[in-house]
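User: Hi! I am new to reading protein models, and I would like to go through this one feature by feature. Could you help me?

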Amino acid sequence: MARIGVFICHCGENISATVDCPKVSEVAAKFPGVAFSTDYKYMCSDPGQSLVVNAIKEHKLTGIVVSACSPRMHEPTFRRACAEGGLNPYQCEMANIREHCSWVHEKGDKTDQKAIDIVRMMVEKVKRNNALLPIKVPVTKTALVIGGGVAGIQAALDIANAGHKVIMVERDPSIGGHMSQLSETFPTLDCSQCILTPRMVEVAQNPNIKLYTYAEIESVEGFVGNFNVKIRKKAKSVDETLCNGCGMCTTKCPNKKNPNEFELGMGNRPAIYVPFPQAVPNIPVIDKTQCTYYKNGKCKICEKVCQPKAIRFDQEDEIIEVAVGAIALCTGFDIKKTDFFPEYGYGKYKDIIDGLQFERLASASGPTSGEIRRPSDGQVPKKIVFVACAGSRDPAKGIEYCSKICCMYTAKHAILYKHKVHDGQAYIFYMDIRAAGKNYDEFTRRAIEEDQAQYIRGRVSRIYERDGKLIVVGADTLMNAQTVEIEADMVVLATAGVANKGAEELAQKLHVSYDQHKFFSEAHPKLKPVETNTAGIYLAGACQSPKDIPESVAAASGVAGKIACLFANSELTREPLIAMVDRQAPPMYSSCTGCFLCQPVCPYNAIEREEVKDRNGNLVRELAFINPGLCQGCGTCVAVCKSKSIDIEGYTNLQMYAEVDALLNS
Amino acid sequence: MSEFEPKIVAFVCNWCTYAGADLTGTSRIKYATNVRIVRFPCTGRIDYMLLTKAFASGADGIIVSGCHPNDCHYTSGNFHARRRWMVFKKLCDFMGIDTRRIVFSWVSAAEGVKWADIVNTTVEEVRKLGPYESYHKLSTQDILA
């Protein structure tokens, strides 16, 4: 027999000014199953909570209803008090008579009646509460970092330095990401390679980090603390344990005219190659689509010159299975190529390049050894036009967002250009100069004031070629929208930052949500910026939205902090308010009919097929099983279950029907 | 005879509309006393059988409200709720339940004013429709007695 205690709070005068609290208490005392009812000025205060604790003990209560503020406010407080009184903490319910009653209605009988109804509803609910225990889930204290750009490197090093194992997976043959392609970084103009490569080496040397390059995620199963990940390690055709990185193979490879991805097609590389001199690991990869041996069956020169005998033409992709407790997604971004822009010649003019190509031109290790020379004829451009917002903030192009980094890197490009071509002139077409960040505005001022970059506020409508010059036609909106024509030697488009290729497929493998631009979505835009909606999977860097280096690094350290918190305990504790499928003794096993309508509606892929077998191992039935580690307690499966076999703790069918009945049958 | 006071039951999700109704309270915006709020984790949890149950138990009107599309705390529960609501609405029409008595809406945690508006308009609409006694009596009366 239920013995329920009802505690009506006055909340000072917040409730008692409009609701007759003693009257509600008096009426509640007569509800069936109510053994004790009282009212008090401040139920959440220390004496108020002691009152609850003592009443539970004294009246041998089996459940309590605290009739006060919103459960979103004080439910944890009274669950604790409930536990202190010796009850299961989940035998406590809050009746919200403040936000939903006293604060929104005038004093009167109708308001009192509403308060009474709310209390009656919760009394009927709490009678049907189950004692629940927090769910404990073991944690594998190894993190998986997907992507080896600056965000991935930061996250991996931070997690490893916290003493946990890290597995890093990088799609390309080397870690480093886009940052390794940059010449200098804003707003300090420090060399990108100089600050990044030591970190790359640290990753390779850290005993806690296991690095898989030229590898991709094949599949991900499991849940927070317990993910099982399959990694496809693509065949490099080189035995990594034997290769000493001497570089003989790359020098002797006769097939050298392949477009160099790292230089964005502005240089060539051999078929067996290391993407860039500071690559980590410094182990070459044979590009099977280009290698003469793979194409014609003849050559093998690399094999002949390789002293450690590391070339393996018969090497195959390897699938590696790992168990991890948390995943950091740091897969970065990509930029739109110049062929995306019909008005700028569909990429057919060689001297219209994108921002990343300019980085390579300006880089000391780039195809021109740091001299600004245009790709068509190697001349030094004396007039250069930078076009900011190429694609960004342009709904007509389907990219409404600001790519965030372009204003700053365009200013940087103008500065670098002036430092290298003293008699040159840089023009910048821009929409707005967005330089919000520490020392950022000062930096763009420097481009204008010290390095004489001509900023023209307006968009470029067209670029075409005339007599070997690129004619840039734009409008100057600060000069009455006058048409401006500039005869340029070279044009750099600050093209929009977009989601990396394969982002969508990866998100689907991980069950992480993504936005319409295929950027991964955070769990909450303000309060959970590095979490995803899938517990145990975190986001850092530009895979979430375009970000600059400091932001990416900050987010990566944030992720590392989150993962370190997760790994601080050997078990995870979760709220037990999750869904469960009915189970009974044989021969029924369950009322579940195995229709699996629940499976596709679950946003967390928490519903599995469980095979019920007899003692001879024959399959008897297939039943739905909800993985308690994955279930987040939305209850959508409960509503679709036709056999009413699924129920959700805290909001069981019995509780909800009882609440409705109690409300209306007064 | 005093004016008919409809009984309205609101089925709301915990994350958006319940919090939105909390905000109505903290903003001290007044609205009709006729509504009783039942909290669910998500609109996706709402079993539409409960709506017929509520009418049978004496409700004159029902509000179902959750997070706006794309705002669901559980990413997609509100979409399932909306999809089932479209089907359920047609079924109600077919069965002869007056669908004007059911209001389906989105109220976010920031829309305290909207919550008060929805309650007030629903109460007024249902007041015009009058008590839903016919359904109530048929579904609960002990006919054989």
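**Reading the model step by step**

Analyst: Happy to! Chain B and chain A bury about 3,900 Å² between them, with 57% of that on carbon and sulfur atoms. Please keep in mind that this is a predicted model.

User: How many residues of each chain are in contact?

Analyst: On the chain B side there are 45 residues, and they are in contact with 46 residues of chain A. Three arginines deserve a look: B:R36, B:R39 and B:R45 supply 19% of the area that chain B buries against chain A, more than any other three residues.

User: How many salt bridges are there across the interface of chain B and chain A?

Analyst: To spot one, look for a side-chain nitrogen of Lys or Arg within 4 Å of a carboxyl oxygen of Asp or Glu. By that rule, 5 salt bridges cross the interface of chain B and chain A. B:R39 appears again here: B:R39 forms a salt bridge with A:E75, and their closest N and O atoms are 3.4 Å apart.

User: And how many salt bridges are there over all chains?

Analyst: The count comes to 49 over all chains. An example inside chain A is the pair A:E93 and A:K125, whose closest N and O atoms are 3.7 Å apart. This pair links distant parts of the chain, since A:E93 sits in strand β4 (residues 92-96) of chain A and A:K125 in helix α5 (residues 109-127) of chain A, 32 residues apart.

User: Now helices, please. What describes two packed helices?

Analyst: Two values do the job: the angle between their axes and the distance between the axes. Try helix α2 (residues 46-58) of chain A and helix α3 (residues 71-84) of chain A, whose axes come within 8 Å and cross at roughly 40°. The two helices α2(A) and α3(A) are therefore oblique to each other, and their crossing is right-handed.

User: Which residues make that contact of α2(A) and α3(A)?

Analyst: From α2(A) come A:Q49, A:V53, A:I56 and A:K57, and from α3(A) come A:T77, A:F78, A:A81, A:C82 and A:E84. Sorted by class, this contact has 5 nonpolar, 2 polar and 2 charged residues.

User: Let me try another pair. How do α11(A) and α12(A) lie, roughly parallel or oblique to each other?

Analyst: Start with the values: the axes of helix α11 (residues 355-362) of chain A and α12(A) come within 11 Å and cross at roughly 30°. Angles under 35 degrees count as roughly parallel, and α11(A) and α12(A) are therefore roughly parallel to each other. As for handedness, α11(A) passes α12(A) in a left-handed crossing. The contact brings together A:G355, A:F358, A:E359 and A:A362 of α11(A) with A:Y409, A:K412, A:H413, A:L416, A:Y417 and A:K420 of α12(A). Its residues divide into 5 nonpolar, 2 polar and 3 charged.

User: What is the angle between α12(A) and α13(A)?

Analyst: Helix α12 (residues 406-420) and helix α13 (residues 440-449), both of chain A, pack at an angle of about 40°, with axes 9 Å apart. That makes α12(A) oblique to α13(A). The crossing is left-handed. Here A:M408, A:A411, A:K412, A:I415 and A:H419 in α12(A) meet A:Y440, A:F443, A:T444, A:R446 and A:A447 in α13(A). By class, there are 6 nonpolar, 2 polar and 2 charged residues in this contact.

User: Let us turn to the backbone. Which peptide bonds are cis?

Analyst: As a general idea, most peptide bonds are trans, and most residues other than glycine have a negative phi. In this model, a cis peptide bond joins A:F186 and A:P187, with omega about -5°. A:P187 is in the loop between β8 (184-185) and β9 (190-191) of chain A. The bond from A:P586 to A:P587 is also cis, with omega near 5°, and A:P587 lies in the loop between β31 (579-581) and α16 (598-601) of chain A.

User: What about phi of A:C389, positive or negative?

Analyst: Phi of A:C389 is near 55°, a positive value in a residue other than glycine. A:C389 lies in strand β21 (residues 383-390) of chain A.

User: One last residue: what does A:N533 touch?

Analyst: Leaving out residues up to four places away in sequence, A:N533 touches A:S513, A:A523, A:Y604, B:H73 and B:T75. A:N533 is in the loop between α14 (503-510) and β29 (537-539) of chain A. The C-alpha atoms of A:N533 and A:S513 are separated by 7.1 Å, with the two residues 20 residues apart along the chain.

Definitions and conventions:
Residues are numbered from 1 along each chain as its sequence is written. Chains are lettered from A and ligands numbered from 1 in the order in which they are written. This is a predicted model: local features need pLDDT of at least 70, side-chain atom pairs count only at pLDDT 80 or more; totals for chains, interfaces and linings use all residues. Side-chain values use heavy atoms; hydrogens and water are left out. Axes are lines fitted to C-alpha atoms, for helices over the stretch in contact, and angles run from 0 to 180 degrees between N-to-C directions. Helices (H or I, at least four residues) and strands (E, at least two) are DSSP runs, numbered from the N terminus. Angles under 35 degrees count as roughly parallel, over 145 as roughly antiparallel, 65 to 115 as roughly perpendicular and the rest as oblique. A crossing is left-handed if the near helix is turned anticlockwise from the far one by less than a right angle, and right-handed if clockwise. Contact means heavy atoms within 4.5 Å. Ala, Val, Leu, Ile, Met, Phe, Trp, Tyr, Cys and Pro count as nonpolar, Asp, Glu, Lys and Arg as charged, and the others, Gly among them, as polar. Buried area is the accessible area (1.4 Å probe) that two parts lose on being put together, summed over both.
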